[in-house]
Amino acid sequence: MREKIVVANWKMNGSLKHCREWAAGFAELPKPQQARTVVCAPFVYLTEIGRLMMPIGIEIGAEDVNENPSGAYTGEISAGMLADVGCRWCIVGHSERRQLFGETDNRVAMKALAAVKAGLRPIVCVGETLAERESGATERVILRQLTAVLSVLSPKDLGAIAYEPVWAIGTGKSATPNVAQAVHSAIRQRVAQVNAEAAQTLPILYGGSVKPESAASLFAQADIDGGLVGGAALDPVSFHAIVMAADALR
Ligand code: PEP
C-alpha cells in the first residue's frame, strides 16, 4: 500500500504566536499511526516549527525554493538552506506561484531538481484553471506540467505530486471524489509510461478546499493518497481531523 501523506500549506499566514499555539494544540490530539504529517510554512518560521513539531512527529517543509544552489539572488532561499534548517519537503509549482509570480513549467522543474539535489522531497503541484477545465483542456494542461518535471527528474525522486485544480483552491468548492480520481488516475498513468514501478509507489495528493467533512471520501479513492491543505490547515483541530481521515485508510 502507498504511504498516506497530509501536507499543510500555511501560505503567507501566521506569526510566532500562531506557530506555538498550533503546535501545542496538535500535540494534545491522538497521534496518527501511519499517515505522514507535514507542515509547510513561511521560511522565517521553519526553524521554530521544526523545533516545536519534529518532536511530535510532524515533518517540516517550505512553500517554495529557488532553483540555484547559491549566489546573487537577493531575497531568495536555496534548497540547501532549507535542508540545513531541518526541512524534508518543499512545495514547488503551487498555482499561486505560477499565476502571481509567473513561474513557468520549466522553472518549476528546475526547482524540483534543486530540491532533490539537496535531499528534499519535492511536492510538485499541477492543476488546471476553470477556463481550461471548461474548454476540455484539463488533461492536456496537467500532463504538460507533469512532463516538464519528468524530463529532468526520475519519478522515483519525487516526494509527491499534488493535483490542485485552481478553481478549487481557497474557494470552498472542492472537486468531487470522482472528478479528482479521474485526474489522479491520468497522472499515475503518465508517470507509469516513464517508470511503472515508481508510479505504483508515488503518492498523489489532492488539494483544493479539503475540509474535515470532505477528506474521507476524497482519500478513499484508489489514486488519492492524501491531501495538500491550505485554509483548513491553519487550525490544528481541523488539520488533525484531515490527517486522521488519511490515517484511517489502512
Ligand atoms: C492550497 O493552497 O494548496 C490549498 C489547497 O488551499 P485550500 O485548501 O485553502 O483550498
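Select S209 to begin this tour of a predicted model: at 11% relative accessibility, S209 counts as buried. S209 is placed in the loop between β7 (204-207) and α10, and its phi is near 60°, a positive value in a residue other than glycine. Such a value deserves a second look, because most residues other than glycine have a negative phi.

From the loop, move on to helix α10 (residues 212-219) and select it together with helix α11 (residues 236-247); the two pack at an angle of about 20°, and their axes are 9 Å apart. That angle makes α10 roughly parallel to α11, and where α10 passes α11 the crossing is right-handed. To see the contact itself, show the side chains of P212, A215, A216 and F219 on α10, and those of S238, A241, I242, A245 and A246 on α11.

Next, go to the loop between β1 and α1 and select K11, which lies there. With a phi near 55°, K11 is another residue other than glycine that has a positive value, and at 19% relative accessibility K11 counts as buried, since the cut-off for that word is under 20%.

Stay in this region and turn to the aromatic rings, of which a search of the whole structure finds five pairs. One of them joins W10 and W22, whose rings meet edge-to-face, with 5.6 Å from centre to centre and 65° between the planes. This pair links distant parts of the chain, for W10 is in the loop between β1 (5-9) and α1 (16-27) while W22 is in helix α1, twelve residues apart. Are W10 and W22 buried or exposed? Both are buried. Add F26 and F239 to the selection, and you have the one aromatic cluster that these residues form with W10 and W22.

Now keep α1 on screen and add helix α2 (residues 46-53). The axes of α1 and α2 come within 10 Å and cross at roughly 15°, which makes α1 roughly parallel to α2. The crossing of these helices, α1 and α2, is right-handed. On the α1 side the contact is made by L16, C19, R20, W22 and A23, and on the α2 side by E48, I49, L52 and M53, so that W22, already met in the aromatic pair, also takes part in the contact between these helices.

Which residues of α2 are buried? They are L46, E48, I49, G50 and M53, and if you colour them you can follow how the buried residues of α2 pack against α1, β2 (36-41), β3 (58-62) and α3 (79-84).

Step back along the chain to V44, in the loop between β2 and α2, where the setting changes: at 69% relative accessibility, V44 counts as exposed. A distance drawn from V44 to L16 comes to 9.4 Å, C-alpha to C-alpha, although their positions lie 28 residues apart in sequence; L16 is one of the α1 residues that make the contact with α2.

The next stop is V126 in strand β5 (residues 121-126), which at 2% relative accessibility counts as buried. What is V126 in contact with, leaving aside its neighbours within four places in sequence? The residues are R98, I142, Q145, L146, I161, A162, Y163, E164 and I187. Of these, Y163 is worth labelling, for V126 and Y163 are 37 residues apart in sequence and 5.2 Å apart in space, C-alpha to C-alpha.

Y163 also leads to T138, which is found in helix α7 (residues 138-150). T138 is buried, with a relative accessible area of 9%, and, when its neighbours within four places in sequence are left aside, T138 is in contact with E128, E132, R133, Y163 and V183. Y163 therefore appears among the contacts of V126 and among those of T138, a residue that counts as buried.

For the last selection, show R97 and F101, where the charged end of R97 sits over the ring of F101, 4.0 Å from its centre.

Note on methods. Residues are numbered from 1 along each chain as its sequence is written. This is a predicted model: local features need pLDDT of at least 70, side-chain atom pairs count only at pLDDT 80 or more; totals for chains, interfaces and linings use all residues. Side-chain values use heavy atoms; hydrogens and water are left out. Rings of Phe, Tyr and Trp (its six-membered ring) pair if their centres lie within 6.5 Å; planes under 30 degrees apart count as stacked, over 60 as edge-to-face and the rest as tilted. Helices (H or I, at least four residues) and strands (E, at least two) are DSSP runs, numbered from the N terminus. Buried means under 20% relative accessible area, exposed over 50%, partly exposed in between (1.4 Å probe, protein chains only). A charge sits over a ring if NZ of Lys or CZ of Arg is within 6 Å of the ring centre and within 35 degrees of the ring normal. Axes are lines fitted to C-alpha atoms, for helices over the stretch in contact, and angles run from 0 to 180 degrees between N-to-C directions. Angles under 35 degrees count as roughly parallel, over 145 as roughly antiparallel, 65 to 115 as roughly perpendicular and the rest as oblique. A crossing is left-handed if the near helix is turned anticlockwise from the far one by less than a right angle, and right-handed if clockwise. Contact means heavy atoms within 4.5 Å.
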